[in-house]
Amino acid sequence: MARKSIGERLAQLEAQRKTLQIRLGKQERAIDTRRKVLIGALVLHRLEHDRDVQFAGGIAAWLRRELPKFLTRDADRDLFDDLLEPRPHDPSLGNIGSGSAV
């Protein structure tokens with residue numbers, strides 16, 4: 001078996017480096033997504049189960065104020081209809097969300 005030239009070995013190492021960079025990028029995106037899901041689950045859990053009405057109401061008010069500026073697509077806004085519409089008959093906001101928050 002013939003030895004590879006230095007140029008061939010460098011090309012192979014560069015290909016391996018690119019493969020590892022792609023894998024690292026995927027891993028970082030997966031971690032970022034997981035963090036976002038967990039933060040969202042915490043917020044929804046606090047809105048649904050927090051006995052401190054003032055705290056949960058504060059979070060809900062903040063979300064109603066900030067989400068419309070953050071969400072740019074109608075499909076995304078539709079996901080948060082239950083949070084964006086104030087509920088005057090339910091000051092505790094105890095049933096916001098669409099199921100399990102954790």
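Helices are DSSP runs of H or I with at least four residues, numbered from the N terminus. The exercises below use a predicted model.

**Exercise 1. Overall layout**

Task: State how many helices and strands the protein has, and which pattern they follow along the sequence.

Solution:
- Step 1. The secondary structure consists of four helices and zero strands.
- Step 2. Read along the sequence, the pattern is α-α-α-α.
- Step 3. The protein has 102 residues, and 17% of them are buried.
- Step 4. Take the contacts between residues at least 6 apart in sequence; 44% of these join residues at least 24 apart.

**Exercise 2. A salt bridge inside helix 1**

Task: Find how far apart Lys36 and Asp32 lie in helix 1, and describe the salt bridge between their side chains.

Solution:
- Step 1. Both Lys36 and Asp32 belong to helix 1, where they are four residues apart, about one turn of the helix.
- Step 2. Their side chains form a salt bridge with an N to O distance of 2.9 Å. The cut-off for a salt bridge is within 4 Å.
- Step 3. Lys36 has a relative accessible area of 56% and is exposed, since exposed means over 50%.
- Step 4. Asp32, at 35% relative accessibility, counts as partly exposed.

**Exercise 3. Two further salt bridges**

Task: The structure holds six salt bridges. Describe the one between Arg17 and Glu14 and the one between Asp50 and Arg46, and classify each of the four residues as buried, partly exposed or exposed.

Solution:
- Step 1. In the salt bridge of Arg17 with Glu14, the closest N and O atoms are 2.8 Å apart.
- Step 2. Arg17 and Glu14 are three residues apart in helix 1, and therefore about one helical turn separates them.
- Step 3. Arg17 is partly exposed at 42% relative accessibility; Glu14 is also partly exposed, with a relative accessible area of 32%.
- Step 4. For Asp50 and Arg46, the closest N and O atoms of the salt bridge are 2.5 Å apart.
- Step 5. Asp50 has 15% relative accessibility and so counts as buried, the cut-off being under 20%. Arg46, at 31%, counts as partly exposed.

**Exercise 4. Packing of helix 1 and helix 2**

Task: Describe how helix 1 and helix 2 pack, and name the residues through which they meet.

Solution:
- Step 1. Two packed helices are described by the angle between their axes and the distance between the axes.
- Step 2. Helix 1 covers residues 6-49 and helix 2 covers residues 53-70; their angle is about 130°, and their axes are 8 Å apart.
- Step 3. An angle over 145 degrees would count as roughly antiparallel, and 65 to 115 as roughly perpendicular. Helix 1 and helix 2 are therefore oblique to each other.
- Step 4. The crossing of the two helices is left-handed.
- Step 5. On the helix 1 side, the contact involves Val43, Arg46 and Leu47; on the helix 2 side, it involves Phe55, Ala56, Ile59, Ala60 and Leu63.
- Step 6. Sorted by class, this contact of helix 1 with helix 2 has seven nonpolar residues, no polar residues and one charged residue.

**Exercise 5. Gly57**

Task: Where does Gly57 lie, and what is its C-alpha to C-alpha distance from Leu47?

Solution:
- Step 1. Gly57 lies in helix 2.
- Step 2. Its relative accessibility is 22%, so Gly57 counts as partly exposed.
- Step 3. Gly57 and Leu47 are 10 residues apart in sequence, and their C-alpha atoms are 7.7 Å apart in space.

Conventions
Residues numbered from 1 in each chain as written. Predicted model: local features only at pLDDT ≥ 70, side-chain atom pairs only at ≥ 80, totals over all residues. Heavy atoms only, no water. Axes fitted to C-alpha atoms, helices over the stretch in contact; angles between N-to-C directions. Parallel < 35°, antiparallel > 145°, perpendicular 65-115°, else oblique. Left-handed = near helix turned anticlockwise from the far one by under 90°. Contact = heavy atoms within 4.5 Å. Nonpolar A, V, L, I, M, F, W, Y, C, P; charged D, E, K, R; others polar. Buried < 20%, exposed > 50% of the residue type's maximum accessible area, 1.4 Å probe, protein only.
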